[in-house]
Amino acid sequence: MIPPVLHQGGRWHTLNLVPGQRVYRERLRRVQGQEYREWSVRRSKLAAYLERGGRQFHPRGDERILYLGAASGTTVSHVSDIVARGRVYAVEFSPRPFRDLLHMASQRPNVVPILSDASAPDAFAPYLLHRVPIVYQDIAQRNQAQIFGANAKRFLGQKGLGFLAVKARSINVARAPRETYELVRRDLKAQGLEVRETIELDPFERDHAMIVAQAA
Ligand SMILES: C[S@@+](CC[C@H](N)C(=O)[O-])C[C@H]1O[C@@H](n2cnc3c(N)ncnc32)[C@H](O)[C@@H]1O
(Lines give C-alpha, C1' and ligand atoms only; values in the text may rest on other atoms or scores of the structure.)
Protein backbone atom coordinates (compact mmCIF):
# COMPACT_ATOMS: atom_id res chain seq x y z
CA MET A 1 0.00 0.00 0.00
CA ILE A 2 1.19 3.54 -0.78
CA PRO A 3 1.44 5.46 2.52
CA PRO A 4 -0.57 8.72 2.51
CA VAL A 5 1.79 10.23 5.10
CA LEU A 6 5.52 9.86 4.66
CA HIS A 7 8.25 10.92 7.05
CA GLN A 8 11.47 10.92 5.10
CA GLY A 9 14.69 12.89 5.32
CA GLY A 10 13.48 14.52 8.55
CA ARG A 11 10.45 16.02 6.77
CA TRP A 12 6.75 15.19 6.61
CA HIS A 13 4.92 14.70 3.33
CA THR A 14 1.45 13.77 2.12
CA LEU A 15 0.60 11.90 -1.07
CA ASN A 16 -0.57 14.55 -3.51
CA LEU A 17 -4.24 14.03 -4.41
CA VAL A 18 -3.81 16.40 -7.37
CA PRO A 19 -0.43 15.52 -8.90
CA GLY A 20 1.52 18.49 -10.24
CA GLN A 21 -0.36 21.00 -8.09
CA ARG A 22 1.00 22.98 -5.17
CA VAL A 23 -1.28 24.73 -2.67
CA TYR A 24 1.10 27.12 -0.91
CA ARG A 25 4.35 26.83 -2.83
CA GLU A 26 5.33 23.69 -0.91
CA ARG A 27 7.95 21.43 -2.44
CA LEU A 28 6.88 18.43 -4.49
CA ARG A 29 8.93 15.28 -4.52
CA ARG A 30 8.73 11.87 -6.12
CA VAL A 31 9.13 8.80 -3.97
CA GLN A 32 8.86 5.36 -5.59
CA GLY A 33 6.92 6.75 -8.52
CA GLN A 34 4.45 8.72 -6.36
CA GLU A 35 4.25 12.45 -5.91
CA TYR A 36 4.31 13.81 -2.37
CA ARG A 37 3.85 17.38 -1.05
CA GLU A 38 6.11 18.56 1.71
CA TRP A 39 4.12 19.29 4.90
CA SER A 40 5.73 22.01 6.96
CA VAL A 41 5.74 21.64 10.75
CA ARG A 42 5.98 25.43 10.95
CA ARG A 43 2.91 26.06 8.82
CA SER A 44 0.64 23.31 10.06
CA LYS A 45 -0.15 22.45 13.68
CA LEU A 46 -1.19 18.96 12.62
CA ALA A 47 2.27 18.36 11.14
CA ALA A 48 3.82 19.85 14.30
CA TYR A 49 1.68 17.46 16.37
CA LEU A 50 3.04 14.46 14.42
CA GLU A 51 6.60 15.79 14.66
CA ARG A 52 6.25 16.16 18.45
CA GLY A 53 5.17 12.52 18.76
CA GLY A 54 1.37 12.67 18.52
CA ARG A 55 -0.01 9.17 18.00
CA GLN A 56 -3.75 9.48 17.60
CA PHE A 57 -4.05 10.78 14.03
CA HIS A 58 -3.99 7.84 11.63
CA PRO A 59 -7.08 7.87 9.40
CA ARG A 60 -7.71 4.89 7.09
CA GLY A 61 -8.30 7.26 4.18
CA ASP A 62 -12.06 7.11 3.70
CA GLU A 63 -13.18 9.17 6.71
CA ARG A 64 -15.35 12.26 6.71
CA ILE A 65 -13.65 14.95 8.77
CA LEU A 66 -15.10 18.15 10.16
CA TYR A 67 -12.39 20.82 10.13
CA LEU A 68 -13.12 24.09 12.01
CA GLY A 69 -10.93 27.12 11.34
CA ALA A 70 -9.83 26.20 7.82
CA ALA A 71 -8.29 29.60 6.94
CA SER A 72 -6.99 29.48 3.34
CA GLY A 73 -6.66 25.70 3.53
CA THR A 74 -2.99 24.95 4.14
CA THR A 75 -3.62 22.10 6.58
CA VAL A 76 -6.98 21.23 5.02
CA SER A 77 -5.15 20.43 1.78
CA HIS A 78 -2.92 17.91 3.55
CA VAL A 79 -5.90 16.37 5.34
CA SER A 80 -7.55 16.12 1.92
CA ASP A 81 -4.49 14.18 0.68
CA ILE A 82 -4.71 11.86 3.70
CA VAL A 83 -8.45 11.11 3.46
CA ALA A 84 -8.32 10.87 -0.32
CA ARG A 85 -11.38 8.57 -0.40
CA GLY A 86 -13.21 10.55 2.29
CA ARG A 87 -14.28 14.16 2.68
CA VAL A 88 -13.18 17.28 4.54
CA TYR A 89 -15.91 19.70 5.63
CA ALA A 90 -13.85 22.88 5.99
CA VAL A 91 -15.50 25.65 8.03
CA GLU A 92 -14.13 29.19 7.97
CA PHE A 93 -15.93 32.43 8.89
CA SER A 94 -13.60 35.05 7.50
CA PRO A 95 -14.36 35.94 3.83
CA ARG A 96 -10.74 36.78 2.85
CA PRO A 97 -9.12 33.39 3.56
CA PHE A 98 -12.35 31.72 2.48
CA ARG A 99 -11.76 32.96 -1.08
CA ASP A 100 -8.44 31.10 -1.18
CA LEU A 101 -10.07 28.08 0.42
CA LEU A 102 -12.69 28.06 -2.35
CA HIS A 103 -9.98 28.15 -4.99
CA MET A 104 -8.13 25.25 -3.36
CA ALA A 105 -11.37 23.26 -2.99
CA SER A 106 -12.21 23.77 -6.67
CA GLN A 107 -9.21 21.54 -7.45
CA ARG A 108 -9.87 18.98 -4.71
CA PRO A 109 -13.12 17.04 -5.03
CA ASN A 110 -13.11 15.85 -1.41
CA VAL A 111 -13.05 19.33 0.20
CA VAL A 112 -16.39 20.96 1.04
CA PRO A 113 -15.76 24.63 1.88
CA ILE A 114 -18.33 26.15 4.27
CA LEU A 115 -18.46 29.87 5.06
CA SER A 116 -19.86 29.71 8.58
CA ASP A 117 -19.20 30.37 12.25
CA ALA A 118 -17.92 27.33 14.16
CA SER A 119 -19.72 28.57 17.27
CA ALA A 120 -23.09 28.10 15.54
CA PRO A 121 -23.07 24.42 14.50
CA ASP A 122 -26.77 24.39 13.60
CA ALA A 123 -25.95 26.66 10.65
CA PHE A 124 -23.65 24.15 8.93
CA ALA A 125 -25.19 20.89 10.24
CA PRO A 126 -27.20 20.42 6.98
CA TYR A 127 -23.89 19.89 5.09
CA LEU A 128 -22.86 16.96 7.24
CA LEU A 129 -26.01 14.75 7.41
CA HIS A 130 -24.24 12.10 9.54
CA ARG A 131 -21.87 12.13 12.46
CA VAL A 132 -18.14 12.04 11.69
CA PRO A 133 -15.27 10.02 13.19
CA ILE A 134 -12.92 13.04 13.43
CA VAL A 135 -13.42 16.70 14.37
CA TYR A 136 -10.37 18.97 14.05
CA GLN A 137 -10.43 22.54 15.36
CA ASP A 138 -7.90 25.34 15.00
CA ILE A 139 -9.54 28.65 15.90
CA ALA A 140 -7.79 31.18 18.11
CA GLN A 141 -10.79 32.17 20.21
CA ARG A 142 -11.14 32.76 23.94
CA ASN A 143 -13.99 30.20 24.15
CA GLN A 144 -12.34 27.63 21.87
CA ALA A 145 -12.93 24.75 24.33
CA GLN A 146 -16.68 25.44 24.53
CA ILE A 147 -16.93 25.71 20.73
CA PHE A 148 -15.06 22.43 20.37
CA GLY A 149 -17.29 20.75 22.99
CA ALA A 150 -20.45 21.95 21.24
CA ASN A 151 -19.25 20.60 17.89
CA ALA A 152 -18.05 17.31 19.36
CA LYS A 153 -21.44 16.81 21.00
CA ARG A 154 -23.28 17.64 17.80
CA PHE A 155 -21.11 15.85 15.21
CA LEU A 156 -18.64 13.37 16.69
CA GLY A 157 -19.67 9.75 16.35
CA GLN A 158 -19.28 7.07 19.01
CA LYS A 159 -15.61 6.71 20.00
CA GLY A 160 -14.80 9.49 17.51
CA LEU A 161 -11.68 11.56 18.03
CA GLY A 162 -11.49 15.33 18.43
CA PHE A 163 -8.26 17.26 17.81
CA LEU A 164 -8.21 20.68 19.45
CA ALA A 165 -5.29 22.98 18.65
CA VAL A 166 -5.22 25.17 21.76
CA LYS A 167 -3.69 28.61 21.56
CA ALA A 168 -3.11 29.29 25.25
CA ARG A 169 -2.67 33.03 24.91
CA SER A 170 -6.00 33.50 23.16
CA ILE A 171 -7.69 32.04 26.22
CA ASN A 172 -5.65 33.91 28.83
CA VAL A 173 -2.53 35.98 28.11
CA ALA A 174 -1.41 36.13 31.74
CA ARG A 175 -1.77 32.48 32.76
CA ALA A 176 1.00 29.91 32.21
CA PRO A 177 0.12 27.87 29.08
CA ARG A 178 0.22 24.54 30.96
CA GLU A 179 -2.37 25.79 33.43
CA THR A 180 -4.56 26.79 30.50
CA TYR A 181 -4.16 23.32 28.94
CA GLU A 182 -5.25 21.79 32.25
CA LEU A 183 -8.33 24.04 32.38
CA VAL A 184 -9.20 23.06 28.80
CA ARG A 185 -8.84 19.36 29.68
CA ARG A 186 -11.18 19.81 32.66
CA ASP A 187 -13.64 21.64 30.47
CA LEU A 188 -13.61 18.82 27.89
CA LYS A 189 -14.07 16.17 30.59
CA ALA A 190 -17.00 18.16 32.00
CA GLN A 191 -18.51 18.02 28.49
CA GLY A 192 -18.32 14.22 28.55
CA LEU A 193 -15.13 13.76 26.49
CA GLU A 194 -12.23 11.54 27.48
CA VAL A 195 -8.83 13.22 27.07
CA ARG A 196 -6.40 10.89 25.29
CA GLU A 197 -3.35 13.04 24.64
CA THR A 198 -1.85 16.50 25.15
CA ILE A 199 1.05 17.33 22.84
CA GLU A 200 2.78 20.67 23.27
CA LEU A 201 3.67 22.13 19.89
CA ASP A 202 6.62 24.31 20.94
CA PRO A 203 9.02 25.21 19.38
CA PHE A 204 7.02 25.03 16.12
CA GLU A 205 4.00 26.88 17.54
CA ARG A 206 4.76 28.76 20.70
CA ASP A 207 2.31 28.27 23.60
CA HIS A 208 0.12 25.91 21.62
CA ALA A 209 -0.87 22.33 22.39
CA MET A 210 -2.90 19.72 20.56
CA ILE A 211 -5.39 18.14 22.93
CA VAL A 212 -6.94 14.95 21.65
CA ALA A 213 -10.25 13.87 23.16
CA GLN A 214 -12.53 10.92 22.50
CA ALA A 215 -16.30 10.77 22.53
CA ALA A 216 -17.90 8.15 24.80
C1 LIG B 1 -4.84 29.77 13.02
S2 LIG B 1 -5.92 30.02 11.69
C3 LIG B 1 -6.17 28.39 11.05
C4 LIG B 1 -5.02 27.83 10.25
C5 LIG B 1 -5.41 26.56 9.55
N6 LIG B 1 -6.05 25.63 10.46
C7 LIG B 1 -4.22 25.85 8.93
O8 LIG B 1 -3.51 25.11 9.62
O9 LIG B 1 -4.00 26.01 7.72
C10 LIG B 1 -7.45 30.26 12.51
C11 LIG B 1 -8.63 30.47 11.57
O12 LIG B 1 -9.82 30.28 12.29
C13 LIG B 1 -10.79 31.16 11.81
N14 LIG B 1 -11.82 31.30 12.85
C15 LIG B 1 -11.71 31.88 14.06
N16 LIG B 1 -12.87 31.79 14.74
C17 LIG B 1 -13.73 31.12 13.93
C18 LIG B 1 -15.08 30.71 14.06
N19 LIG B 1 -15.78 30.96 15.17
N20 LIG B 1 -15.66 30.05 13.04
C21 LIG B 1 -14.96 29.79 11.90
N22 LIG B 1 -13.68 30.15 11.70
C23 LIG B 1 -13.07 30.80 12.72
C24 LIG B 1 -9.99 32.45 11.54
O25 LIG B 1 -10.67 33.31 10.64
C26 LIG B 1 -8.70 31.88 10.98
O27 LIG B 1 -8.74 31.81 9.57
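Guide: Ala, Val, Leu, Ile, Met, Phe, Trp, Tyr, Cys and Pro count as nonpolar, Asp, Glu, Lys and Arg as charged, and the others, Gly among them, as polar. This is a predicted model, where local features need pLDDT of at least 70 and side-chain atom pairs count only at pLDDT 80 or more, whereas totals for chains, interfaces and linings use all residues. Residues are numbered from 1 along each chain as its sequence is written, and side-chain values use heavy atoms, with hydrogens and water left out.

Visitor: How many residues of the shell around the ligand are charged?
Guide: Around the ligand there are 16 residues, of which Tyr 67, Thr 75, Glu 92, Ala 118 and Gln 141 come nearest (near: a heavy atom within 4 Å). Six residues of this shell are nonpolar and six are polar, while the charged ones number four.

Visitor: What percentage of the ligand's accessible area does the protein cover?
Guide: The ligand has polar contacts (N or O atoms within 3.5 Å): one of its oxygen atoms is 2.5 Å from a side-chain N or O atom of Thr 75. One nitrogen atom of the ligand lies 3.3 Å from a polar backbone atom of Phe 93, and a ligand nitrogen is 2.8 Å from a polar side-chain atom of Asp 117. Of the 610 Å² that the ligand has accessible on its own (Shrake-Rupley, 1.4 Å probe), the protein covers 83%.

Visitor: How many aromatic pairs does a search of the whole structure find?
Guide: Rings pair if their centres lie within 6.5 Å. Ring pairs link Tyr 49, Phe 57 and Phe 163 into a cluster, and the search of the whole structure finds a total of four.

Key:
Polar contact = N/O pair within 3.5 Å; in protein donor to acceptor, adjacent residues only side chain to side chain. Phe/Tyr/Trp six-rings, centres within 6.5 Å; stacked < 30°, edge-to-face > 60°.
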